[in-house]
Amino acid sequence: MPEHDQELDARGLNCPLPILRAKKALNDLTSGQVLRILATDPGSVKDFEAFAQQTGNELLESTEKDGEFHFLLRKAG
Amino acid sequence: MADKKLAIIATKGTLDWAYPPFILASTASALGYQTCIFFTFYGLQLIKKKLDLKVSPLGNPGMPMPMGMNKWFPVLGTTIPGMESMMTTMMKQKIKAKGVATIEELRDLCIEAEVRLVGCQMTIDLFDMKREDLIDNIELGGAATFFEFAGDADVTLFI
């Protein structure tokens with residue numbers, strides 16, 4: 001698994017909370033650092049793609065395992 | 001990215017219709033939009049200090065009811081006193097169980113994200129509402145105030 005600098009547990013939360021919490025968590029990181037997000041909302045897969053595309057933060061990885069979604073976001077420079 | 005702008009007019013004062021403006025505004029802020037919500041008529045209920053939002057099954061055939069109640073429950077049944085409170089309680093339980101944010105939570109997130117919240121002065125006067133009944137983080141204004149912001153908005157929604 002690629003390394004990450006911080007982890008956000010958004011499991012059990014529904015739209016738009018995973019995105020809003022992720023945005024907040026990214027604010028505390030410096031550019032280039034990586035945030036790992038755990039979620040259970042199936043809608044978050046599409047939403048994190050859209051979030052990355054619109055904010056310039058890079059979605060390094062998006063995986064699913066046992067009904068859980070894991071994302072790696074690298075903060076934009 | 002140069003800031004995009006989202007302008008929303010919120011006109012509904014029920015629990016279900018409170019979600020779209022706050023969900024969209026908070027998300028837009030997270031995406032880097034400058035966002036403004038103009039609350040008018042029943043939408044003013046959403047910026048009260050003490051929220052008392054309800055959802056009504058009355059005249060709402062699209063509302064899913066538990067146990068297929070909407071199939072056999074007569075429409076007139078939805079007028080029974082207490083139905084509104086019952087459906088509101090059930091809706092709130094569902095919201096909690098599914099991990100959906102409360103309106104209070106979403107509203108706080110909007111305030112934190114510096115979404116501009118504008119209360120319509122005319123409807124506040126019309127309904128004899130008091131400024132002190134409304135949350136502090138709002139400004140008051142009229143139609144011209146809305147257009148000042150919305151005039152060059154990229155997305156404008158009437159909800």
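**Reading a strand residue, a chain and a helix crossing**

Tutor: A:Leu38 lies in strand β2 (residues 34–39) of chain A. Please bear in mind that this is a predicted model.

Student: Is A:Leu38 buried, partly exposed or exposed, and why?

Tutor: One counts the C-beta atoms around the residue; 20 or more within 10 Å would make it buried, and 12 or fewer exposed. A:Leu38 has 16 C-beta neighbours inside 10 Å and therefore counts as partly exposed.

Student: Which residues does A:Leu38 touch, apart from those up to four places away in sequence?

Tutor: A:Leu38 touches A:Asp9, A:Ala10 and A:Arg11, and also A:Glu68 and A:His70. As a further distance, the C-alpha atoms of A:Leu38 and A:Pro18 are separated by 8.8 Å, these residues being 20 apart along the chain.

Student: How many helices and strands has chain A, and in what order do the elements run?

Tutor: Chain A has 2 helices and 4 strands. Read from the N terminus, their order is β-α-β-α-β-β. The radius of gyration of chain A is 11 Å, close to the 11 Å that the globule rule gives for 77 residues, so the chain is as compact as a globular protein of that length. The C-alpha trace of chain A spans about 30 × 25 × 20 Å along its principal axes.

Student: What share of chain A is buried, and what share of its contacts between residues at least 6 apart joins residues at least 24 apart?

Tutor: Buried residues account for 31% of the 77 residues in chain A. Of the contacts in chain A between residues at least 6 apart in sequence, 61% join residues at least 24 apart.

Student: How many residues of chain A are in contact with chain B?

Tutor: The contact involves 11 residues of chain A and 11 residues of chain B. On the side of chain A that touches chain B, the elements giving two or more residues are α1 (17–27) and α2 (44–55). α1(A) gives the most to that side, with 4 residues. The residues of that side of chain A comprise 6 nonpolar, 4 polar and 1 charged.

Student: How should one read the packing of α1(A) with α1(B)?

Tutor: Two packed helices are described by the angle between their axes and the distance between the axes. Here the axes of α1(A) and helix α1 (residues 15–30) of chain B come within 9 Å and cross at roughly 35°. The crossing of α1(A) and α1(B) is left-handed. A:Ile19, A:Leu20 and A:Lys23 of α1(A) make the contact with B:Ser26, B:Thr27 and B:Ala30 of α1(B). The residues of this contact divide into 3 nonpolar, 2 polar and 1 charged.

How values were computed. Residues are numbered from 1 along each chain as its sequence is written. Chains are lettered from A and ligands numbered from 1 in the order in which they are written. This is a predicted model: local features need pLDDT of at least 70, side-chain atom pairs count only at pLDDT 80 or more; totals for chains, interfaces and linings use all residues. The radius of gyration is taken over C-alpha atoms; the globule rule is 2.2 Å times the number of residues to the power 0.38. Two residues are in contact if their C-beta atoms, placed from the backbone, lie within 7 Å. Ala, Val, Leu, Ile, Met, Phe, Trp, Tyr, Cys and Pro count as nonpolar, Asp, Glu, Lys and Arg as charged, and the others, Gly among them, as polar. Axes are lines fitted to C-alpha atoms, for helices over the stretch in contact, and angles run from 0 to 180 degrees between N-to-C directions. A crossing is left-handed if the near helix is turned anticlockwise from the far one by less than a right angle, and right-handed if clockwise.
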